[in-house]
Amino acid sequence: LLRPGRFDRRVTVMRPDIRGREAILMVHARNKPLDPTVDLNEIARATPGFTGADLANLLNEAALMAARRGDTQIRYTDITESVFKVMIGPEKRSRLMNDKEKKLTAYHEAGHAIILRMVSETDKVERISIIPAGMAGGYTAHKPNEDMYYTTRKQLIATIMISLAGRAAEEIVFGEVSTGAASDLQQCNAIARDMIMKFGMSNQLGNLVFGSQEEVFLGKDYGHVQNYSEKLAGIIDEETKKIIDDAYAATLDALRERRTTLEAVATRLLEK
């Protein structure tokens with residue numbers, strides 16, 4: 001149907017940039033009593049990647065926080081707290097965790113935070129917590145300082161290292177790993193495979209990309225047509241594994257060198 005004379009107009013809606021986010025915040029803040037110190041431009045700067053719906057949810061959550069506190073105005077701290085709630089989900093302080101789980105979570109999150117601080121050129125650590133939130137037992141909240149439209153190979157490797165850091169910390173401290181890294185592993189595997197198949201970042205395969213961008217059916221993977229040989233499929237698997245294995249080895253080395261910091265951060269998380 002997408003051809004001249006039919007439905008030949010496409011409208012691409014991207015996530016809003018900083019000016020777009022500020023304009024959207026102004027719309028959703030119209031009927032909300034904001035404290036005079038709240039700067040919507042500053043909030044727009046602190047929310048890269050947020051959609052219009054995220055920003056609406058952000059101000060609604062902030063209003064609820066102010067109401068629960070019995071305040072008549074929304075403070076800046078209400079909004080900053082709501083950023084974490086929108087990004088990660090509500091904290092579940094009522095959920096009971098035994099001491100062993102708390103300790104494992106503390107080292108896991110400390111590992112994420114230390115490697116993020118070490119390797120990321122774009123993101124900074126906002127908060128580390130071992131209070132369960134959303135579906136996670138704890139979290140390391142981070143976001144870029146500005147809107148990002150391109151990502152380099154080095155940045156993708158850094159993201160994989162950050163994802164693997166929790167599992168690496170568990171292995172170093174406890175000598176075994178847990179199921180807590182399941183979503184981290186899914187993320188880093190997806191990034192590594194995209195590096196090979198979509199972005200042409202393979203040492204062996206160079207500028208080749210693989211996999212059809214179009215779907216034959218609506219069933220996603222079921223409808224994908226493999227446009228490469230079994231031999232190339234084996235190389236793709238090898239290259240994907242090498243990226244993840246190399247990143248994991250580098251992460252283990254980095255955390256072993258910073259074992260004192262790892263212990264200090266984990267101990268602090270258990271205290272506070």
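Helix axes that cross at an angle over 145 degrees count as roughly antiparallel. With that cut-off in hand, here are some close-ups of this predicted model.

**View 1. Helices H6 and H7 cross at roughly 155°.** Here we look at H6, residues 153-174, beside H7, residues 182-197. Their axes come within 9 Å. The crossing angle is roughly 155°, and H6 and H7 are therefore roughly antiparallel to each other. The crossing of H6 past H7 is left-handed.

**View 2. Side by side: the residues where H6 meets H7.** From H6, the contact takes in Arg153, Leu156, Ile157, Thr159, Ile160, Ser163, Leu164 and Arg167. Facing them from H7 are Asp184, Leu185, Gln187, Cys188, Ile191, Ala192 and Met195. Sorted by character, the residues of this contact comprise nine nonpolar, three polar and three charged.

**View 3. The structure's one aromatic pair.** Meet Tyr107 and Phe174, whose ring centres sit 5.7 Å apart. Their planes stand at 90°, so the pair is edge-to-face, given that angles over 60 degrees earn that label.

**View 4. Where the two rings come from.** Tyr107 belongs to helix H5, residues 99-119, and Phe174 to helix H6, so the pair ties together parts 67 residues apart in sequence. How buried or exposed is each partner? Tyr107 is buried, with a relative accessible area of 6%. Phe174, on the other hand, is partly exposed, at a relative accessible area of 30%.

Conventions. Residues numbered from 1 in each chain as written. Predicted model: local features only at pLDDT ≥ 70, side-chain atom pairs only at ≥ 80, totals over all residues. Heavy atoms only, no water. Axes fitted to C-alpha atoms, helices over the stretch in contact; angles between N-to-C directions. Helix = DSSP H or I, 4+ residues; strand = E, 2+ residues; numbered from the N terminus. Parallel < 35°, antiparallel > 145°, perpendicular 65-115°, else oblique. Left-handed = near helix turned anticlockwise from the far one by under 90°. Contact = heavy atoms within 4.5 Å. Nonpolar A, V, L, I, M, F, W, Y, C, P; charged D, E, K, R; others polar. Phe/Tyr/Trp six-rings, centres within 6.5 Å; stacked < 30°, edge-to-face > 60°. Buried < 20%, exposed > 50% of the residue type's maximum accessible area, 1.4 Å probe, protein only.
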